[in-house]
Amino acid sequence: MAERQYAEALAATEQAQSFERAGQAAKAVPFFLQALRILKRLAVIESAAQRARLQPTIAELTTRVSELQKSSDYLLAHAMEQHAAAREAEKSDSTKTDIVIDRYIAAAETYMQALNALPTSEVAARAAIKEQLEYVIDYVSQLKAQTQTTRHQIQQQVEDNSNDVDVAALQWPEPPMLQHKTAHVTPAYASAAMPAAKPAPEVEQTKEEKPGAAYTPQELDVLRRSSQINGHLFVPWLDDLDAQEKFSLPEPFEDPDGHVPLSAKQKKKEATWMRPSDYAAICGHAPVMIAQGGVNPLVVKQDIVTDCSFVASLCIAAAYEQRFQKHLITNIIFPADPRTKQPVYNPFGKYVVKLWANGVPRKVVIDDLLPVNASSGQLMSSCTTRKNELWVSLIEKAYLKLNGGYDFPGGNSGIDLFALTGWIPERVPVSELIDAPNKEERLWEQLKSAFHYGDCIITMSTGDITKQEAKAIGLVPMHVYAVLNVYELSNTSDSSQEGKKVRLLQVKNPWRKMSWKGPYSRHDKTRWDSAIGDELRAYQRQFYASEATESEEASGQKDDGLFWIDFESVKQYFESLYMNWNPELFPYKGVFHEHWPVELGPVNDSLTLGFNPQYSLTFCKTAPSQEGATAAAGSCTVWVLLSRHVSTIERDTDYSNQQFLTLHVYRGTPGKRVFYNHRAVSRGMYSNNPHTLVSLDLDLADDSERCFTLVASQYEKFAALDYTLSVFSTRPFTCEPNPQFVTRAPTSIVIPGAWDSACAGGRPFYSTFMNNPQFHLQLQKPCRSLFLFLETEAFFSQDTTTASFPINLRAALHTRERVCGLHAAGNDEEQLKVLSSGEYRPGFCFIEVDSAVLASGLHDVVLIPSTFEQGVLGKFTLRVVSDPPAGASIAYRQIPAEGHGMELTRLRGKWDMQTGSAAGCSNYGCYTFNPKYLVHVTQECDILARLVVLDPEVDAAAGESPTEEESLPPPSINVSVFESTSEGDLLLSTNPKQAFAGATSAGGVYVSGAPSGALAKASRRFPPGWYIVLPSTFEPQDWSFELRLYASAHVDARLL
């Protein structure tokens, strides 16, 4: 498609240059503008490199057009066109005189510009233009004089007839507009929240916007990628370009994308493609875009296509436009009459439809070939009962082209209405209203207010009703209906309601048949023949004019699919209410278009939300008043819409390839990421609906926390996706993406590791905790931030059933040695500061080192990853992310296990009160009676002695349980190494302070509550000789223990 557009731009430029060389600027400018439109469009959808190459050409053409538009030749031709248009407007009876005068004045101004552009040497030409200018000015003066005379006569007539007013001739007044309704929405391409401006008067837009200028390069990539939908290119809509699309063609237009695929039903009924001009002879009516009287919801009908949700959306959009006289559906199809702005029939067969898809309004080009039964000439698509009216069929064709064909599953009118209008979609499950009177009351007041003020358009869908019941009640199962009216009866004579308010909805079946048969239906003669019927008939006459077709009049058909239904029946038989809200309700808006790579974060983000897209939403403390109205102090309504971009049509039954999204909201700190999914202000429900809406009513009056974190979440992520996040608010705000972590090398440090049978030590409760893998980080440069992440294999596993066992990460600060215990016992280790990731969590945990700690001069950190239970085997990854990047500022090494490279001797023993070996500390006078181990050193070496108290369960015989005494808290312990003789002699006054070269645990102090035990380490190597290793408890107690001797050379050890 891009190649064709380049060729068209080149051809237009060459044609323009040809006219320019011939001195025909007026003919050259349209071709230059056509080339510019094409190139500007390409500049939005092309790659960054190609955009850079296009910009000089665009700038050159823009300058050339600007110069030509200032030439006398162009200005004179333009003035003559304006003059001719003013004459045509004057001939039309529907054009007001004021508008005609304005058009003549515009022509006069352009004549003046042409006169000034002519050189003084062109005497004859200047004289001719001056004569024409004077003629127009004189004619305008005459028109103004006639207008003043006419107005005076009308005023006199009104005064004369003021006492004889025909009430029936008066129109119903517009409902009163609330003051806040005048808020203007910022453009859809805005990337930050901007205060609303007052709406400008309805004048022709003259300011030229730079297409795509408000998008970031990343957003352009997202919008470019998501322009490919169902195999076709649908580029973002640009008002200044697409409003000037060329619709007059040398031959009937045929869509270069080919025919929209037909459904199986259409093919079965032998549908063929015909233009309106072809089947007009069969149906006997010349084609029109909109029949006389404007769009009417009552004549719209769904036919063979299964798009009930879309046709219901068309009905309610047409109803809104008819009732409020505001363009909502007729302003999305072109070409349009420049005066009335209404779409018109194009005999050349080319149409452009503006539809919202994948975050922005998009351009959908179609031809006017429609599926028709060849023999009867009957349209085989949705249409109206006016045989020659095209707007329904053409808009449907454009929407179904966007959605992949006439075999459209339909089902969600909220999505369809968003595509047609850009209004915010909200779905309310009817089940939430059952036995919830407060929620029902609030919803009803919303519906009633929204309908009367035009804030909202409403549709609803039935649930899965059995065929037998559906036939009895007159409703279609799994079908979408348009809600045309919301009313609460003032007449209280309905005894069946027992004094309750009677709430009614007027509903239209897009089939234009099969109406409700229950209460308040046309079958309910009792109510319709009473005062209730009189009240309803009087009320509904205010709104939509009925229009019967010729066939209906001939057959006497009365069931046109239009009926009243009470809200209690709605709660019983309907499944969902779809409400699409006018975005102009919100003065402040922010929009982001983003890409979510599949590799970003875990497959299942129940492990962590920390790597999901996140945004900080911060509210200002004060909000300016809106045209004198002051909002309730601190109150704020915020709606956040998360829209997933779709590239292919999605079928409800094909769940395997559908992505389920939601949005969570948390209290937050600007720029800070949320990692764990708990304590949410609002937790969303996962849905395959492309739109997820979160609505919050906030009270910020006494709230110091004015910042919230928005977190997008996927259920079992399996593919990358693009999305749009839109924030709507009644108060000023700022919304910024939270910076994403770069957790890959070389920017960050990535440390692979594993818990195996030798090092799966479990949590600190176990004596084996010290065996867990440990890593020393050396900070070579001061860090402004430091994050430490621990992940298991489940974090990135595509198999969501992969076991995800609980893990924890600890960081010991200001040390570079292996950490063997986390206790504090009045020794060297009590000063050890250890940070923790918190409670053990499955699959992922993290530590953020406080900036104050970093600023204090942190240089060394020891990381200790652990599992909750000992013996749990598995792989893990440690990631170190810092500012400046850890890859260039932090070094790391794995710390060897205790006694690495040394010979280990395990000796088990017991302190026994009966044998006297439970002698306690030296305070009891029998310290040397504790168990003693004689160690013979034959060559100089290093020796480590670790004492570990054994769990009573370890020492209990098979089938026995620990005794009550054995269930006591573990004792305070010490282990010391003393010089001795070959007989193991020690003085009775020996105590830990006399240990060889300081080889006593904790400096001679008894350690309690340390599952990893106590370690004795000398300050120098042990020379050859005899030594006693003496384990002891502070108080005499019965306990079992294990003594582990590590020696760098072989030693002999035995119990004395």
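## A buried acid and its partner

Let's start with Glu791, which is buried at a relative accessible area of just 2%. This is a predicted model, and in it Glu791 forms a salt bridge with Arg879, with the closest N and O atoms 2.9 Å apart. The two residues come from distant parts of the chain: Glu791 sits in strand β26 (residues 785-792) and Arg879 in strand β32 (residues 874-883), 88 residues apart. Arg879 counts as buried too, at 9% relative accessibility.

## Salt bridges elsewhere

That pair has plenty of company, since a search of the whole structure turns up 36 salt bridges. Another one joins the side chains of Glu488 and Lys448, at 3.9 Å from N to O. Glu488 belongs to strand β12 (residues 480-488) and Lys448 to helix α14 (residues 437-453), so this contact ties together parts that are 40 residues apart in sequence. At 18% relative accessibility, Glu488 still counts as buried, because the cut-off is under 20%.

Glu488 and Lys448 are also members of something bigger than a pair: salt bridges with shared partners join Glu440, Glu441, Glu445, Lys448, Glu488, Arg503, Glu568 and Lys571 into one network.

For a pair with more solvent access, look at Lys439 and Glu432, whose side chains meet in a salt bridge at 4.0 Å, N to O. Here Lys439 is partly exposed, with a relative accessible area of 44%, and Glu432 is partly exposed as well, at 38%.

## The annotated active site

UniProt, in an unreviewed entry, puts the feature "active site" at Cys308, His479 and Asn509. These residues are spread over 202 residues of sequence, yet they cluster in space, the largest C-alpha distance being 8.6 Å. So are they buried or exposed? Cys308 is buried, with a relative accessible area of 9%; His479 is buried at 2%; and Asn509 is buried at 0%.

His479 is found in the loop between α15 (467-473) and β12. Setting aside neighbours within four places in sequence, His479 is in contact with both of the other annotated residues, Cys308 and Asn509, along with Gln302, Met460, Ser461, Thr462, Pro510 and Trp511. Asn509 lies in a loop as well, the one between β13 (503-508) and α16 (525-528). With residues up to four places away in sequence left out, Asn509 touches Val476, His479, Tyr481, Met514 and Gly561.

## Cysteines without disulfides

How many disulfides does a search of the whole structure find? The count is 0. A disulfide, remember, is a covalent bond between the sulfur atoms of two cysteines. As for individual cysteines, Cys308 from the annotated site is buried at 9%, and Cys456 also counts as buried, at 5% relative accessibility.

## A loop residue further along

Last stop: Gln994, which is found in the loop between β37 (973-980) and β38 (1014-1017). Gln994 is partly exposed, with a relative accessible area of 44%.

What does Gln994 touch, not counting residues up to four places away in sequence? The contacts are Phe978 and Ser989. The C-alpha atom of Gln994 is also separated by 8.8 Å from that of Ser976, which is 18 residues apart from Gln994 along the chain.

How values were computed
Residues are numbered from 1 along each chain as its sequence is written. This is a predicted model: local features need pLDDT of at least 70, side-chain atom pairs count only at pLDDT 80 or more; totals for chains, interfaces and linings use all residues. Side-chain values use heavy atoms; hydrogens and water are left out. Buried means under 20% relative accessible area, exposed over 50%, partly exposed in between (1.4 Å probe, protein chains only). Helices (H or I, at least four residues) and strands (E, at least two) are DSSP runs, numbered from the N terminus. A disulfide is a pair of cysteine sulfur atoms within 2.5 Å. Contact means heavy atoms within 4.5 Å. UniProt positions are given in the numbering used here, feature names are shortened, and annotations may be inferred rather than shown by experiment.
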